[in-house]
Amino acid sequence: MNLYFFTFDIDDSSSDVIKQLQQMGNTCSCLSNGWFIRTDKGEDELYDAIQPLFNNGKGRFILTPIDLSKMNGWISTDTIKWLKENDK
C-alpha cells in the first residue's frame, strides 16, 4: 500500500475532488484542503483520476508520496492515530 499527501485549491466546489479521493483509497483530512490517502494505486493512476477535475483551469493541486519515517510536522491527534492505524 502507498501513502500520499494531496492538497488542492479549487475555485469550484471541492466535493467532486473529495469524492474522487475517497473512491481511490482510505483517506484522512488533515488540513482544510489537505488529505492523506492510503491506496494500492500508484502515483500515475491517482494523477490520471484526479487531474480531469482540474481541467477547467480553476484550480491546482499537489500529489506527493509520503515516507512516514522521514515526515515532520504538526498535525492533529486524530491524524496521527489514522496514520498509525494505516501504516501497513
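The legends below describe several views of one predicted model.

**Figure 1. Overall fold of the protein chain.** The secondary structure consists of three helices and four strands. Along the sequence these elements follow the order β-α-β-β-α-β-α. The C-alpha atoms occupy a box of roughly 35 × 25 × 20 Å along the principal axes. The radius of gyration is 13 Å, which agrees with the value near 12 Å for a compact globule of 88 residues. Buried residues account for 32% of the 88 residues in the chain. The surface that the chain exposes amounts to about 5,600 Å², and carbon and sulfur atoms supply 46% of it. Among contacts with a separation of 6 or more, 68% link residues 24 or more positions apart.

**Figure 2. Confidence of the prediction along the chain.** The average pLDDT of the protein chain is 88, and 98% of the residues score at least 70. Confidence is highest in strand S3, at 94. The lowest confidence belongs to helix H3 (residues 77–85), where the mean is 88.

**Figure 3. Strand S1 and its two partners.** Strand S1 covers residues 2–10 and pairs with strand S3, residues 34–39. This pairing is antiparallel and comprises six bridges. S1 also runs antiparallel to strand S4 (residues 59–65), to which seven bridges join it. Phe5 illustrates both pairings: its opposite residue in S3 is Phe36, and its opposite residue in S4 is Thr64.

**Figure 4. The hairpin of strands S2 and S3.** Strand S2 spans residues 26–31. A hairpin of two residues connects S2 to S3, and the two strands pair in the antiparallel sense over five bridges. Thr27 is located in S2, and its bridge partner in S3 is Ile37. Thr27 has a relative accessible area of 16%, so this residue is buried, the limit being under 20%. With residues up to four places away in sequence left out, Thr27 touches Leu21, Gln22, Trp35, Phe36, Ile37 and Trp82.

**Figure 5. The largest nonpolar core and a second core apart from it.** The largest nonpolar core contains 13 residues. Those that touch the most other members are Phe6, Phe8, Val17, Leu21, Ile37, Leu46 and Phe54. At least two residues of this core come from each of S1, helix H1 (15–24), S3 and helix H2 (43–50). S1 supplies the largest share, four residues. Another core, of seven residues, lies apart from this one and includes Leu3, Phe5, Cys30 and Leu83.

**Figure 6. Surroundings of Phe8.** Phe8 is one of the residues that touch the most other members of the largest nonpolar core. Beyond its neighbours within four places in sequence, Phe8 is in contact with Ser14, Val17, Ile18, Asn33, Trp35, Phe54, Arg60 and Phe61. Of these, Val17 and Phe54 are also named among the core residues that touch the most other members.

**Figure 7. Val17 in helix H1.** Val17 belongs to helix H1. Its relative accessible area is 1%, and the residue is therefore buried, a term that requires a value under 20%. Leaving out residues up to four places away in sequence, Val17 touches Phe6, Phe8, Ile10, Leu53 and Phe54. The view may be set against the position of Asp78, which is 61 residues from Val17 in sequence. The C-alpha atoms of Val17 and Asp78 are 22 Å apart in space.

**Figure 8. Leu63 in strand S4.** Leu63 lies in strand S4. Its relative accessibility is 17%, which is under 20%, so Leu63 counts as buried. Not counting residues up to four places away in sequence, Leu63 touches Tyr4, Phe5, Phe6, Glu43, Leu46 and Tyr47. Leu63 and Thr7 are 56 residues apart along the chain, while their C-alpha atoms are separated by 6.8 Å. These two residues come from strands that are joined by seven bridges, with Thr7 in S1 (residues 2–10) and Leu63 in S4 (residues 59–65).

Note on methods:
Residues numbered from 1 in each chain as written. Predicted model: local features only at pLDDT ≥ 70, side-chain atom pairs only at ≥ 80, totals over all residues. Heavy atoms only, no water. Pairing = 2+ DSSP bridges. Core = buried A, V, L, I, M, F, W, Y, C linked by side-chain atoms within 4.5 Å. Buried < 20%, exposed > 50% of the residue type's maximum accessible area, 1.4 Å probe, protein only. Contact = heavy atoms within 4.5 Å. Rg over C-alpha atoms; globule rule 2.2 N^0.38 Å. Areas by Shrake-Rupley, 256 points an atom, 1.4 Å probe, with all protein chains shown as cover. pLDDT = per-residue confidence, 0-100.
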